Amino acid sequence: MPKAPGSVGSGTGGATVLKRNQACHQCRRRKLKCDARRPCSTCVRSHKHARDHAQPGANLPERPECTFDEVATTETPSTPSDSPKNRFERLETRIKELEALLSQKEQATSPDANPSSSSTLSSIQNSPASIQSVPSNSRPGSASTMNFPSDLESLLSPSNLDMNAQTVNPYFWNGNSHLIEGASARIDAPLLSSSMDVIWSHWPVNLPHPELIRHLVDMFFLFHPHASRLFHRANFIASLSYPPDHPDFPVAPVLHAICAVSAIYTAAGGPRTNAADFPYEGQFAQPDLPDTFAEQQASHAKETVEKYLNRGQHLVQCVQTYVLLTWYYWCHSKWVELFTCSGQSLRVAIPLGLNICPPFRSLLGSSPTMSIISPPRTPIEDEIRRNTFWLAYAVDRQHGSGTGWALSLDDDDIAQVFPVTMEQFELGIPVNYNVRQWCHVREAVLFHPPDITDSFTLYIKSTMLLSFVKNFNHRYRIKSNLGDARFLPARNFATQVYGDQPDIRSSPAFLELDQLLMSFRSSFPSNLKDPFRNGQVDTHLYTTFLTAHVSMILLHEPHASLERNCTSAAKMLESARAILELIYAMWSTNYDIGLLDYFCSFCWYLAGQCFGRFLRAAQEAACVQQIDTLRAELDFVRMALSKMAERVPLSYRYQRMLDAVHLSLADGRPVSTVSDQQLLANVSQASANHPDVAYFLKINNINPQP
């Protein structure tokens, strides 16, 4: 066996870098350094240590086991001329040759092809308008500050963002609220040519260029509150460096959906729909509008995920795609798509066993396994699956709390542990099930072990409380009709609301929920009592606080009477003003409220609706002081929603609904402005022409008639 060419010489004074597969088999297997001696020094030390500490009677070989690959006799050792300096010179020469070839190709294909585009891009890059600053109190992405040049808007149109686009010149926001040019993301024409001879030839169809994908993925992890829980950020970013046919490369529907969700965070995704440019009914009355870049990507994601689902491939990523699509549909207030896609995400999660965890399984002998996919290979993969289910569950509960529709998955069919902390998830630290909390244990909602609890854990627990309230309101009449003792009010509990009829609030189920909600707000650990701690905004904790107050409003709202003293009315007003205090606190920071969880806009709207209801009662009672206070509170909620609406179309819808409430409480004054008259006309037309809008107004007790 010839001597390895890269072995350490006695007179070299240092070790030479070994070539691939030149180390011994034992060092490669143990991932240790090897000097390629025969035997190597690492194996000699290991063998000596094993002999010195061997157990009595152990049979160890006399010489260390150190084997190498057979090296062909024709292989020649590295010559002295093959030094790092010479290799760098050859690489530089090769790079210059490739640059010259690209320049020749560009000159051969670009002349007289589209001179206006080239001059336009040059003028944009050299003009002062290409870098714009905004006041410190402005939020990134607001309609009032993102004044892009008209030429740039044409360059960022969806037609210029496909695989054959000539240039992509993205603009995005840095941490100092300045609009800067993404020069590193500029894509030259040869890279986007139809021949695809520079990038991967098997790049997925309809997927944007890799540079744009990387940019949108970065924006997704930077701005979306749940991105780092749905995916493991480090692993996901690393997987983008693989070729598209690599098994660890993200599937196309996931990338399509991320592009759709991230479009509102950056102008590189194409011009997003500005909700203020549309009437109240939004795009329902605009069928001829061209699809934006985000809408195109959402459509591609929906089409491709069904293909993977039908083939039974990458099923966990299919569920992640559905979760991403629910975020997109929810953000753009597409209610029908949101409802169907949210239900689909949970239905697909059931056969994957994401809703349960061992040892809980069915007693039916014909179903030996509760999952059709293989077990997770690592703790990180295990937690990704669990987080995916909980995020799908959270969206279903949150958007379902504002409708009269049933939820997609019963809480009784869920036997899963709560998520681990962010640090444990990122580092892949396994946490034993014996110390984790099970969601079906009611006491777990009020008990928060500090080692396994962070703001995201409380966020999931708050959505479970929301689910409890939703199920009580939705199933009360059925349960009481069946004679369930927990849903039967006390007969001797007289009320002023129902007269001689028993009060629902005296039922054991209602009393238990009411006490659970009050105890939950006071059970937070000391380090999780302030969402603005240390000058930073914890979006999960902020949404948890809002959810606790919203749950109280939804529980007491059907039983509140504003004509006389009523405990339910008092709790509603208390919770609404607690939400207003959280809005004040958020407004006092420089945080972009457009980056909050989408459920926050519903929480703010519900508080505004409560103020409108109390304002109407104050007007009827002629309480001038209360009228002024409640009107000011309602107006501030409307202002906060309008600010969030600069980025999130869903907030725009809620803002317009509160505007309708505000107009209906105009205290008998005539509608004097053209915008107010147009608002009433739009609301009335929308409720008459589209069932989604009519139903949404109905469930929120809004009368669009002036």
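Start by selecting A415: at 10% relative accessibility, this residue counts as buried. Keep in mind as you go that the model is predicted. A415 sits in the loop between helix 13 (379-400) and helix 14 (422-427). Now show what surrounds it. Leaving aside neighbours within four places in sequence, A415 is in contact with N355, I356, C357, F360, W438, C439 and H440. Add L354 to the selection and draw a C-alpha to C-alpha distance: A415 and L354 are 9.4 Å apart in space, with their positions 61 residues apart in sequence.

**A cis bond in the loop before helix 13**

Next, select P358 and P359. The peptide bond from P358 to P359 is cis, with omega near 15 degrees. P359 belongs to the loop between helix 12 and helix 13.

Follow the chain back to helix 12, residues 335-349. This helix has 15 residues, and from its first C-alpha to its last it reaches 21 Å, close to the 21 Å expected at 1.5 Å a residue. Which residues of helix 12 are buried? Colour W335, L338, C341, S342, G343, S345, L346, V348 and A349, and you have them.

**Two positive phi values**

Just before helix 12, pick S333, in the loop between helix 11 and helix 12. Its phi is near 50 degrees, a positive value in a residue other than glycine. Is S333 buried or exposed? With a relative accessibility of 2%, S333 counts as buried.

Then move to H314, in the loop between helix 10 (293-311) and helix 11 (315-331). Phi of H314 is also positive, near 50 degrees, and this residue is likewise not a glycine. As for its surroundings, H314 counts as partly exposed, at 35% relative accessibility.

**A serine inside helix 15**

Jump ahead to helix 15, residues 455-481, and select S467 within it. S467 is buried, with a relative accessible area of 0%. What does S467 touch? Not counting residues up to four places away in sequence, show Y393, R397, L407 and D411 as sticks.

**Helix 18 against helix 19**

Now for some helix packing. Two packed helices are described by the angle between their axes and the distance between the axes. Select helix 18 (residues 567-587) together with helix 19: their axes are 9 Å apart and they pack at an angle of about 130 degrees. Helix 18 and helix 19 are therefore oblique to each other. The crossing of helix 18 past helix 19 is left-handed. To see the contact, show A569, M572, L573, A576, R577, I579, L580 and I583 on helix 18, and C603, W604, A607, C610, F611, R613 and F614 on helix 19. Colour these residues by type and you will find 13 nonpolar, no polar and two charged.

**Helix 19 against helix 20**

Keep helix 19 (residues 599-621) on screen and add helix 20 (residues 624-644). Their axes come within 9 Å and cross at roughly 155 degrees. Helix 19 and helix 20 are therefore roughly antiparallel to each other. Helix 19 passes helix 20 in a left-handed crossing. From helix 19, the contact takes in C600, S601, W604, Y605, G608, F611, G612, F614, L615, A618 and Q619. From helix 20, select Q626, I627, L630, R631, E633, L634, V637, A640, L641 and M644. How many of the residues in this contact are nonpolar, polar and charged? The contact of helix 19 with helix 20 divides into 14 nonpolar, five polar and two charged.

While both contacts are in view, highlight W604, F611 and F614 of helix 19. They take part in the contact with helix 18, and they also take part in the contact with helix 20.

**Back to the start of the chain**

Select R38 and P39, which are joined by a cis peptide bond with omega of about 0 degrees. P39 lies in the loop between helix 1 (25-30) and helix 2 (41-52).

**Zoom out**

Finally, display the whole protein chain as a cartoon, where the secondary structure comes to 23 helices and three strands. Colour the 706 residues by accessibility, and 50% of them count as buried. To finish, think about how the chain meets itself: among contacts between residues at least 6 apart in sequence, 67% join residues at least 24 apart.

How values were computed:
Residues are numbered from 1 along each chain as its sequence is written. This is a predicted model: local features need pLDDT of at least 70, side-chain atom pairs count only at pLDDT 80 or more; totals for chains, interfaces and linings use all residues. Side-chain values use heavy atoms; hydrogens and water are left out. Axes are lines fitted to C-alpha atoms, for helices over the stretch in contact, and angles run from 0 to 180 degrees between N-to-C directions. Helices (H or I, at least four residues) and strands (E, at least two) are DSSP runs, numbered from the N terminus. Angles under 35 degrees count as roughly parallel, over 145 as roughly antiparallel, 65 to 115 as roughly perpendicular and the rest as oblique. A crossing is left-handed if the near helix is turned anticlockwise from the far one by less than a right angle, and right-handed if clockwise. Contact means heavy atoms within 4.5 Å. Ala, Val, Leu, Ile, Met, Phe, Trp, Tyr, Cys and Pro count as nonpolar, Asp, Glu, Lys and Arg as charged, and the others, Gly among them, as polar. The expected span of a helix is 1.5 Å times one less than its number of residues. Buried means under 20% relative accessible area, exposed over 50%, partly exposed in between (1.4 Å probe, protein chains only).
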